[in-house]
Number of protein chains: 2
Amino acid sequence: MIELRKPYLIFVGDAEIESDAKTGAGLRDWARESCLAQHGVTEKAVDLGLPHMTPEQAAAAGARSLVIGVAPFGGRIAPCWEPALFAAVRAGMDIVSGLHTRLADVPGLAQAAQTSGVALRDVRHPRERYPVATGAKRTGKRVAMVGTDCALGKKYTALALTRALQARKVPADFRATGQTGIMISGSGIAMDAIVADFVAGAAEALSPSAAPDHWDVIEGQGSLFHPAYAAVTLGLLHGSQPDALVLCHDPKRTHIDGYPDFPIRPLDEAANIYLQQARLTNPAVRLVGLSMNTSGLDAARRNQVLAEGAAILGVPAFDPMKTPLDAVVDRLLAN
Amino acid sequence: MIELRKPYLIFVGDAEIESDAKTGAGLRDWARESCLAQHGVTEKAVDLGLPHMTPEQAAAAGARSLVIGVAPFGGRIAPCWEPALFAAVRAGMDIVSGLHTRLADVPGLAQAAQTSGVALRDVRHPRERYPVATGAKRTGKRVAMVGTDCALGKKYTALALTRALQARKVPADFRATGQTGIMISGSGIAMDAIVADFVAGAAEALSPSAAPDHWDVIEGQGSLFHPAYAAVTLGLLHGSQPDALVLCHDPKRTHIDGYPDFPIRPLDEAANIYLQQARLTNPAVRLVGLSMNTSGLDAARRNQVLAEGAAILGVPAFDPMKTPLDAVVDRLLAN
């Protein structure tokens, strides 16, 4: 399990628009308390609305990690970023990156980190080894996000559900399964980077035994209906042994993103296949909610698709960014 | 894709009983034409019935690889093996190992291999990278072995089916998905060692486009009903895009091997779930046979379980080690 040191200095590099600093914006929106400040390397760098600090200032104010909050095309570290990375390391901060390029590929950075006693944390390249799954039942409760496709709101659904549970004083932890989620929560496992035989075992490690009334809210990864990524989805589902599932869906999507020959499954078919597969490791699993990504729809249309989805599945439907989660939390805690 | 150089010198080390030299015995049984000779390091070393040659003699006779055919407890390379490994390398042979320990961990062996211009092939530790699956349809035909559990005969079923097809002059290739299969066929991909996001992509690479009447016979890996290994099974199934499935089953097994809380599924339920999952990438997939591991059963009992299984699934049932494959080949080639 990756464990990051908080609070963060969010590094936006030379990105000039917020959509190029999605990771940083996500951290601001979902881990505001962990974001001490931001730093860009040009005058025109995007402003996330956080205090501006240099690495030295941030370290002095208590920041423990500089997090690369930009995702440039190609996933490379730009040469103009390097002075800031070295400054952060010298000031005693870890560097956290979700980029494809490894931090140690920046000439001299690994040596500088070693000298300063700090770590280079490539969350996309985990080095932990996990055991083969045991299938043994763990204590505590788990709810897993599953999707009709990838990248349609599982992470934000899980984060919103965790907050809603915590608001009711239910002990709950968000369990991150991808790099942005790991940065937000400060810990987790990048499931897509695990060797296939150990995916379920890693998922077992991600949500360990807990108090009987504690809920782990598991982010989810991929989709069982994705021709490339279903393997990671299934291993995560089996190892999570979820008591409850929330199906995540984007009603505007007609086919798997990037795979026009693979239509999105009807909601009831998708839910039934997830339940069938999840029963392998938890025969008592039940569907408790439908999370719909209604961005771009007006209020009338949103209410219509939510009502239709709820009617099809017989569970509360919600948009975690737009509508309350009370009904799904009630359903989760019932029983 | 791993490609090995044949023919082989089978190395049995200091193993004294054939069950400790399972890999070597499998190669003798299923790749006899690739096994030039055997070599042991003690007087009492097990005799596989192959000609005895030293590494130097084998190299002179044309052997291209020394294959470690023993699987000692702990998966380590014994110090008493090392002189033979160095002799093979100096004689110009690659070394092929499926052990957990890497060949390069033997002090000096990597350097010796480099000097001789030969390769150390750790088939359990693939270094190739594979692309994300495209889901695009490929030409040629594919039949995949799938199981109610792991380790119940998928590999031997696939090998026997390949032979049966070739005996009818149908162009067919065995596609190995695990280390023993790779050694037998000389090529393949150890699917369980692939990072989860790339399992389906690796499976696409394993059975590339081929002539329309060509069959790839895909070994299969794990089981969808295994709480640890289902991920690799699903990724392999999706990437293989099989036209046909053969369900492999051991009627003596009551639960997943090593997982007493996970009962073996009824045959019809297992077949239906495999077909449902396989339809994602090939909606025309069909079940063509039931392969049963009837070892330990007498002829009357064998015939009984085969007849029962065939009746349940409505497809030919066979034991690839005991009964003819004519009916399953007929079913495969029909349509």
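**Exercise 1.** In this predicted model, work out what turn and what shift lay chain B on chain A, and which kind of axis relates the two chains.

*Solution.* Begin with the superposition: a turn of 180°, with a shift of 0.0 Å along the axis, lays chain B on chain A with an RMSD of 0.0 Å. Next, name the relation, which is that of a two-fold axis. Finally, carry this over to the contact surface, where 100% of the contact residues of chain B recur in chain A, so that the same surface serves both copies.

**Exercise 2.** Describe the contact between the chains by saying how many residues it takes from each chain, and which element of chain B gives the most to the side that touches chain A.

*Solution.* First come the totals, since the contact takes 28 residues from chain B and 28 residues from chain A. On the side of chain B, the elements that give two or more residues are α7 (199-206), α8 (230-240) and β13 (259-263). Of these, α8(B) gives the most, with six residues. As a last step, sort that side of chain B by class, which yields 20 nonpolar, five polar and three charged residues.

**Exercise 3.** Find in which sense strands β2 and β3 of chain B pair, and which unit they make together with helix α1 of chain B.

*Solution.* Strand β2 (residues 8-13) and strand β3 of chain B pair in the parallel sense over five bridges, and within β3(B) the residue that stands opposite B:Phe11 is B:His39. Then add helix α1 (residues 22-30), which joins β2(B) and β3(B) in a right-handed β-α-β unit. To finish, look at the surroundings of β3(B) (residues 35-40), a mostly covered strand in which six of six residues are buried.

Technical notes: Residues numbered from 1 in each chain as written. Chains lettered and ligands numbered in written order. Predicted model: local features only at pLDDT ≥ 70, side-chain atom pairs only at ≥ 80, totals over all residues. Buried ≥ 20, exposed ≤ 12 C-beta atoms within 10 Å, placed from the backbone. Helix = DSSP H or I, 4+ residues; strand = E, 2+ residues; numbered from the N terminus. Pairing = 2+ DSSP bridges. Right-handed = clockwise from strand over helix to strand, strands pointing away. Contact = placed C-beta atoms within 7 Å. Nonpolar A, V, L, I, M, F, W, Y, C, P; charged D, E, K, R; others polar. Least-squares fit on C-alpha atoms with pLDDT ≥ 70 in both.
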